[in-house]
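Thanks for coming. I will go through one structure today, starting with a charged pair and ending with the sheet.

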Amino acid sequence: MRALITGGAGYKGVKLADALLDAGHQVTILDNFMYGFDSVFDLSRRPHLNIIQKDVRALAKSDVAGFDIVFHLAAISGYLGCEANPKSAREINQTASEDLAGLLSKDQYLVYASTTSIYGKSADVLNEDSPVEAVSLYAETKLKAEQAIMQRERSVALRFATVFGVAPRVRHDLMPHDFVIKAIHERSLLLFAGHSKRAFMHIDDAIAAYILIAADPAAAAGKVLNVGTPKLSLSKMELAEAIGQQVEFKIVDSGLPDPDRRDFVIDYRRMEALGFQAQRSLEDGIRELVKLYSVFNPYVVYRVI
C-alpha cells in the first residue's frame with residue numbers, strides 16, 4: 001500500500017515507517033521536524049521512503065491524496081506538553097485532526113493514534129464502550145479528535161496504553177523513562193498518588209499493532225480499539241519497584257495527589273480478537289532504558305572538548 005504517516009519523524013513514527021517499509025509498503029513521512037532531523041537520517045536511505053516537511057496545521061487535499069492509508073500520529077503528546085503549549089495542543093491535536101478527516105476521500109483508511117488517557121479515573125475495568133472522562137487538556141483534545149475522526153466509515157482509533165522503550169527519537173517525559181532517569185541520576189524518586197494505576201506497553205508492541213491493522217484495515221474499519229496488555233497494568237509504586245530490581249534508589253510516596261488524575265484498568269480483548277498479543281515485557285523495557293540513561297542524562301548539556 002501507499003502509506004502516509006503524519007508525525008512520521010517522531011517517537012513512534014520513525015519505527016512505524018521502518019516496519020511498514022519492511023512489510024513492503026511505500027511510505028511517506030510528513031513532519032514539521034520541530035525536534036530536528038536526526039531521527040530520519042538512517043531511514044532516509046530506504047528507496048521506498050519519501051519525506052515531506054510540513055506542519056499538519058497547513059495540510060491541503062493534495063498533501064493526502066493518492067494514499068491508501070493514513071496513520072495520524074502528529075500531536076503534542078502527554079499531559080506536560082499540552083499544559084505547557086495549550087494553544088498548539090488545541091490546534092494540532094484537535095483542529096488539525098478534524099481538518100485531516102475532512103480532507104480524505106471515503107476510500108482512504110485513516111488510523112488514528114488515540115490514547116487510554118481519555119478514560120480518566122475509574123474503579124471499573126474499562127472497555128471501548130465505557131464512559132470516558134477527559135481529566136487533562138491532552139485527553140480532551142485527543143478525545144475530540146477521535147470523535148471527529150470516527151465519523152468516517154474507514155477510520156480506526158487505537159487507544160494506546162502509555163508506550164515506553166528506546167527509539168531513534170526517544171521521549172524522555174514518558175513515565176517509565178522519567179522514573180528511570182530519576183532513579184539513575186538522582187538516586188531517589190518522589191511519587192504522587194503512588195497507588196494510581198496506569199496502562200503501559202513497549203513501543204515494539206505498539207508498532208506491531210499498527211502493522212496488524214495495516215495488513216487488513218477493512219477488518220478494523222469503524223472500530224475503536226484499546227491497545228496494550230493486561231500484564232502491564234501497574235500502579236506507579238509497582239512500576240518504581242520494578243525499576244528498583246535493576247537500579248538501587250530510594251522510593252518516597254508523598255501521599256499527595258497528582259494533577260494528572262488518571263487511574264484505571266483497561267480491557268484489551270477486542271484488539272486481542274483481531275490477533276494482537278503483546279510480546280515485550282516490562283523488564284525488557286526497563287533494561288534498555290537503564291542501558292541508555294546510565295550513559296546519558298537528557299537534562300545535561302554535553303560538550304566535546
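Start at aspartate 107, which is partly exposed because its relative accessibility is 46%, between the limits of 20% and 50%. Keep in mind that this is a predicted model. Aspartate 107 makes a salt bridge to lysine 106, and 3.4 Å separates the closest N and O atoms. What about lysine 106 itself, buried or exposed? Lysine 106 has a relative accessible area of 68%, so lysine 106 is exposed.

Now a second pair. Arginine 270 bridges to glutamate 128, again with the closest N and O atoms 3.4 Å apart. Where do the two residues sit? Arginine 270 belongs to helix α10, residues 269-273, while glutamate 128 is in the loop between β6 (121-126) and α5, so this salt bridge ties together parts that lie 142 residues apart in sequence. Glutamate 128 has a relative accessible area of 8% and is therefore buried. Arginine 270, at 37%, is partly exposed.

There is also a network: Lys15, Asp204, Arg280, Asp284, Arg287 and Glu288 are joined by salt bridges that share partners.

One further pair to mention is arginine 57 with aspartate 55, where the closest N and O atoms are 2.9 Å apart. Arginine 57 has 40% relative accessibility, so arginine 57 falls in the partly exposed class. How many salt bridges does the model have? The count is 26.

On to the sheet. Seven strands make up an open sheet with parallel pairing, and the order is β3-β2-β1-β4-β5-β7-β11. Which strands stand at the edges? They are β3, residues 49-53, and β11, residues 224-227; each has a single partner strand, so one side of each has no neighbour in the sheet. On average, neighbouring strands here are turned by 20 degrees against each other, direction ignored.

At the β11 edge, the partner is β7, residues 155-160, and the two strands pair in the parallel sense over four bridges. Within that pairing, arginine 159 stands opposite asparagine 226 of β11.

Last, the helices on the sheet. Helix α4, residues 86-103, lies across β4 (69-72) and β5 (109-115), and runs at about 165 degrees to β5. Helix α5, residues 137-149, lies across β4, β5, β7 and β11, and its angle to β5 is about 155 degrees. To return to the buried residue from before, the loop that holds glutamate 128 is the one between β6 and this helix α5.

That is what I have; I will take questions now.

How values were computed
Residues numbered from 1 in each chain as written. Predicted model: local features only at pLDDT ≥ 70, side-chain atom pairs only at ≥ 80, totals over all residues. Heavy atoms only, no water. Pairing = 2+ DSSP bridges. Axes fitted to C-alpha atoms, helices over the stretch in contact; angles between N-to-C directions. Contact = heavy atoms within 4.5 Å. Salt bridge = Lys/Arg side-chain N within 4 Å of Asp/Glu carboxyl O. Buried < 20%, exposed > 50% of the residue type's maximum accessible area, 1.4 Å probe, protein only.
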